Amino acid sequence: MSDLVWQHLNLCPTGDPGESIADAALAVRDGKIVWLGAARELPREFDTWPRKDLDGAWVTPSLVDCHTHLVFGGHRADEFALRLAGASYEEIAQRGGGIVSTVRATRAADEETLIASAAARLEPLVAEGVGAIEIKSGYGLDLASERKMLRVARALGRLYPVSVYTTFLGAHALPPEFAGRADAYIDEVCETMLPTLADEGLVDAVDVFCERIGFTVAQSERVFEAAQRLRLPVKIHAEQLSLSGGTALAARYRALSADHIEFLDEAGVQAMKEAGTVAVLLPGAYYFIRETQLPPIELLRRHGVPIALATDCNPGTSPATSLLSMLNLGCTLFRMTVPEALLGVTRHAARALGRGERHGELATGRQADFVVWRVDTLAELAYWIGRPLVARVVRSGSTVYAAPLLQQRNAK
């Protein structure tokens, strides 16, 4: 059905609850929004169009998960159990655990195996209303394995009703074969891996882990320079464990985002504001590793830096497959407001991907990607923990996921 008016809904078109429209309507033709607003203002030209009544449900843009490591081999649940039993990170690493174990498992897995395991993590996100997602490489750490990860990410975008954006994170960790030769590995990343994968059309953006257990500011800048030569946007993992200066570096390169940033200072926040760089906060990792250093929320607010939230889905520090849970953690742990949290998974998250023109808001001319929620108020999206709240997920005007009837009845 190419023409359809969705009616009797409460609409939050921008992700900001303060800009909501009560008793609204959406007119969709050929997968795109041709009109939205208060139902009483619906033009007469739509009088003959078929109607879909949403019975007062809330509608928001599809959610955006702007930072994930969704594709990887194996898992590290056993290491989690060992840590709880008292083993240190160093002891686990000496046993062959840590990121090395994930690299080993990822290198050993074929594409079909990686697709199957990543799909199990992607499906709950799609069912929760995620319509756009970033997937990073970084657990292969050699050309063949990084290529494999990025190919799997692209395949997931074809298999599921979600827009997948790929980020090359070859500078995630030092692979075992380059032990003690970090600069040589950065040579490999910049001169071979990135140019090859970009030429194959597998890279949408470039990331680097700039930290004392990752790569230095100087090494990170070399990666940014390589990305710049290829006209690829950059982002950074920075200031998670210490004040490294990585965020200031990212701002100089007009990075899309700086992520984690728990230890960021005011000078770094100012640099982000001037560069238009989005702050991506990752409360799942903060919670899982029991961090105590809060990100500088007040500084970000004061300087008007857009704040996004993401799952950071990964096997070591954030095995999270619920973006709604990140809303709750962003509010409870970081003391974000509900509007901040909702903007953090819609408008600002889309901007962190460099895709603000495509995702994160509903407007005339845009693709009709939205979520129908069975809630009385949008605050419930950040309030409930683990409770299914989605009634329907719509992509290009067509329903791609509908909750079971019993679940819809119980959502309130």
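Visitor: What phi does glycine 201 take, just after helix 6?

Guide: In this predicted model, glycine 201 takes a positive phi of about 75°, at a place just after helix 6.

Visitor: How do you know that the span of helix 6 agrees with its number of residues?

Guide: Helix 6 covers residues 182–199, and its 18 residues, at 1.5 Å a residue, should span 26 Å. The expected span takes 1.5 Å times one less than the number of residues. Because the end C-alpha atoms are 24 Å apart, the two values agree.

Visitor: Where does helix 6 bend, and by how much?

Guide: The bend lies at valine 189 and comes to about 35°, an angle taken between axes fitted to the seven residues ending there and the seven starting there. Val189 is also one of the buried residues of helix 6, a list that includes Tyr185, Ile186, Cys190 and Met193 as well.

Visitor: What covers those buried residues of helix 6?

Guide: The cover includes helix 5 (143–159) and helix 7 (217–229), together with strand 7 (163–171) and strand 8 (205–210).

Visitor: Why is histidine 172 called buried?

Guide: Buried means under 20% relative accessible area, and histidine 172 has 9%, so the residue is called buried. Histidine 172 sits in the loop between strand 7 and helix 6. Leaving aside neighbours within four places in sequence, its contacts include His69, Ile99, Tyr139, Phe209 and Phe215. In an unreviewed entry, UniProt lists His172 under "binding site", along with Arg76, Tyr139, Gln240 and Thr317.

Visitor: Why is proline 404 called partly exposed rather than buried?

Guide: The term partly exposed applies between 20% and 50%, and proline 404, with a relative accessible area of 47%, therefore counts as partly exposed. Proline 404 is found in the loop between strand 15 and helix 16 (405–410). Between proline 404 and valine 390 there are 9.9 Å in space, C-alpha to C-alpha, while in sequence they are 14 residues apart.

Visitor: What makes strand 3 and strand 15 edge strands?

Guide: The open sheet has 7 strands in the order 3-2-1-4-13-14-15, with mixed pairing. Strand 3 (32–38) and strand 15 (398–402) each pair on one side only, and they are the edge strands. From one strand to the next, the twist averages 35°.

Visitor: How do you know that strand 2 and strand 3 pair?

Guide: Pairing requires at least two bridges between the strands, and 6 bridges join strand 2 (residues 21–29) to strand 3, the two running antiparallel. Among the bridge partners, arginine 29 is matched with lysine 32 in strand 3.

Methods: Residues numbered from 1 in each chain as written. Predicted model: local features only at pLDDT ≥ 70, side-chain atom pairs only at ≥ 80, totals over all residues. Heavy atoms only, no water. Helix = DSSP H or I, 4+ residues; strand = E, 2+ residues; numbered from the N terminus. Buried < 20%, exposed > 50% of the residue type's maximum accessible area, 1.4 Å probe, protein only. Contact = heavy atoms within 4.5 Å. Axes fitted to C-alpha atoms, helices over the stretch in contact; angles between N-to-C directions. UniProt positions renumbered as here; feature names shortened; annotations may be inferred.
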